[in-house]
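Biologist: Thanks for sitting down with me. Could we walk through this model together, one question at a time?

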Amino acid sequence: MRSTSSMTEIEQLYCRHGAALLLFATAITGERSRAQDAIHHVFLKLLEDEKLQRATDVKAYLFACVRNAALNDVRARGRNVALADEGLAWFEPPSRDYAEEASLRRALAELPDDQREITVLHVWGELTFAQIADLLNISANTAASRYRYALARLREVMCAKENSCVDPG
Amino acid sequence: MSIPDDDQFEKYLKQFRPVAGEPLMVKEKAEARSRPLVFAACAAVAAAIVLAVVMSVLVHKPTQPPGPTEEASTTRVSMEEFGNPPPLTIASANALLESAPSFKAAIDNMAFQQESKPISEGRYSLLALLSKEDVKQ
């Protein structure tokens, strides 16, 4: 059985990265409940196998595990709900503007899968392009260029409406 | 006002904070998973205790058990020595009925068998010894 310190370590990792991992898994599965199941599955597996101690980059390893679990879930059950159609918020928007939140969700949903993954990993997961490249088995340049395409597309969709997409300063 | 710069737009996106998930049920699940292990350990300990008791009983038994007829006779002797009458069996009842002059006499013999047997040589009755001993005031 795993020691209490390791359990605490895993709980701390969940506290630190849980929200970004959940967003990443939701961006793959399309359903928050399934994404949550995938994350719980990953963390329980980590607790049992004690593989985390062998990981050199713990954060990247966590995202890789969650990606595999979410993709397995999508393969096994199919994506029954279109992305962003579930109605549950993915984000806590600034100044509680949930119209903006829905707009971002829709914009993310319109992105191709690989671009959406890279955007979530880089913006909210705070992974570097090198880490993303390792995770997705692509080059860092490819990751960076896909990210730029994704940003341009997001900006186009979100800033199309007048007075939306306000400059944070 | 739109954001033409990628960095500025990225900052804008970061203002949206991902919604936190449900708390991790690691402790409860880990405890639930360990519960069968605890149960198995308790069962193993209980089984070991039972085995130890059985083994101790078997060890304290005589190593060379007597044969069936010999065992029966020793059992009967020891029961007689301790004042217990031999059990009434169909064979002994038949023998009594054959030897008795009447049915009533046979029944009486069965009912009123002598219970106090003489103590074998070299043994003393504790009751007799106690009755002889002076009681200190």
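Biologist: How many helices and strands are there in chain A?
Modeller: Keep in mind that this is a predicted model. From the N terminus on, the elements of chain A run α-α-α-β-α-α-α-α. That makes one strand and seven helices.

Biologist: What share of the contacts in chain A between residues at least 6 apart in sequence join residues at least 24 apart?
Modeller: Happy to set the scene with burial: of the 169 residues in chain A, 40% are buried. As for the contacts between residues at least 6 apart, the share that joins residues at least 24 apart is 67%.

Biologist: Which helix gives the most to the largest nonpolar core?
Modeller: That core has 50 residues, and those with the most contacts inside it are A:Leu21, A:Phe24, A:Ala25, A:Ile39 and A:Val66. At least two core residues come from each of H1, H2, H3, H4, H5, H6 and H7 of chain A and from H1 of chain B. The top contributor, with ten residues, is H1(A).

Biologist: Which residues does A:Phe24 touch, leaving out those up to four places away in sequence?
Modeller: Good one to pick, since A:Phe24 is among the residues with the most contacts inside the core. With its sequence neighbours up to four places away set aside, A:Phe24 touches A:Phe63, A:Val66, A:Val120, A:Leu121 and A:Gly125.

Biologist: Why do the buried residues of H1(B) line one face of the helix?
Modeller: The buried residues in H1(B) are B:Phe9, B:Tyr12 and B:Leu13. An α-helix has 3.6 residues a turn, so residues three or four places apart point the same way. Looking down the axis of H1(B), the buried residues line one face because they fall within an arc of 100 degrees.

Biologist: Which helices of chain A are included in what covers the buried residues of H1(B)?
Modeller: Those buried residues are B:Phe9, B:Tyr12 and B:Leu13. Their cover includes two helices of chain A, H5 and H7.

Biologist: Are H6(A) and H7(A) roughly parallel or roughly perpendicular to each other?
Modeller: H6 spans residues 129–136 and H7 residues 140–158, and their axes are 8 Å apart at an angle of about 105 degrees. Angles from 65 to 115 degrees count as roughly perpendicular. The two helices H6(A) and H7(A) are therefore roughly perpendicular.

Biologist: How many residues of the contact of H6(A) with H7(A) are nonpolar?
Modeller: H6(A) brings A:Phe129, A:Ala130, A:Ile132, A:Ala133 and A:Leu136, while H7(A) brings A:Ala140, A:Ala143 and A:Ala144. None of the contact residues is polar or charged, and the nonpolar ones number eight.

Biologist: Is A:Asp134 buried or partly exposed, and how far is its C-alpha from that of A:Ala60?
Modeller: A:Asp134 sits in helix H6 of chain A. Because it has 17 C-beta neighbours inside 10 Å, A:Asp134 counts as partly exposed. A:Asp134 and A:Ala60 are 74 residues apart in sequence, and their C-alpha atoms are separated by 8.6 Å.

Biologist: Is A:Ser95 buried or exposed?
Modeller: A:Ser95 belongs to the loop between strand S1 and helix H4 of chain A. Its phi is near 55 degrees, a positive value in a residue other than glycine. Since A:Ser95 has 7 C-beta neighbours inside 10 Å, its class is exposed.

Biologist: And what is phi of A:Glu126 near?
Modeller: A:Glu126 is in the loop between H5 and H6 of chain A. With 12 other C-beta atoms within 10 Å, A:Glu126 is exposed. Its phi is positive in a residue other than glycine, near 55 degrees.

How values were computed: Residues numbered from 1 in each chain as written. Chains lettered and ligands numbered in written order. Predicted model: local features only at pLDDT ≥ 70, side-chain atom pairs only at ≥ 80, totals over all residues. Axes fitted to C-alpha atoms, helices over the stretch in contact; angles between N-to-C directions. Helix = DSSP H or I, 4+ residues; strand = E, 2+ residues; numbered from the N terminus. Parallel < 35°, antiparallel > 145°, perpendicular 65-115°, else oblique. Contact = placed C-beta atoms within 7 Å. Nonpolar A, V, L, I, M, F, W, Y, C, P; charged D, E, K, R; others polar. Buried ≥ 20, exposed ≤ 12 C-beta atoms within 10 Å, placed from the backbone. Core = buried A, V, L, I, M, F, W, Y, C linked by C-beta atoms within 7 Å. Arc of directions from axis to C-beta.
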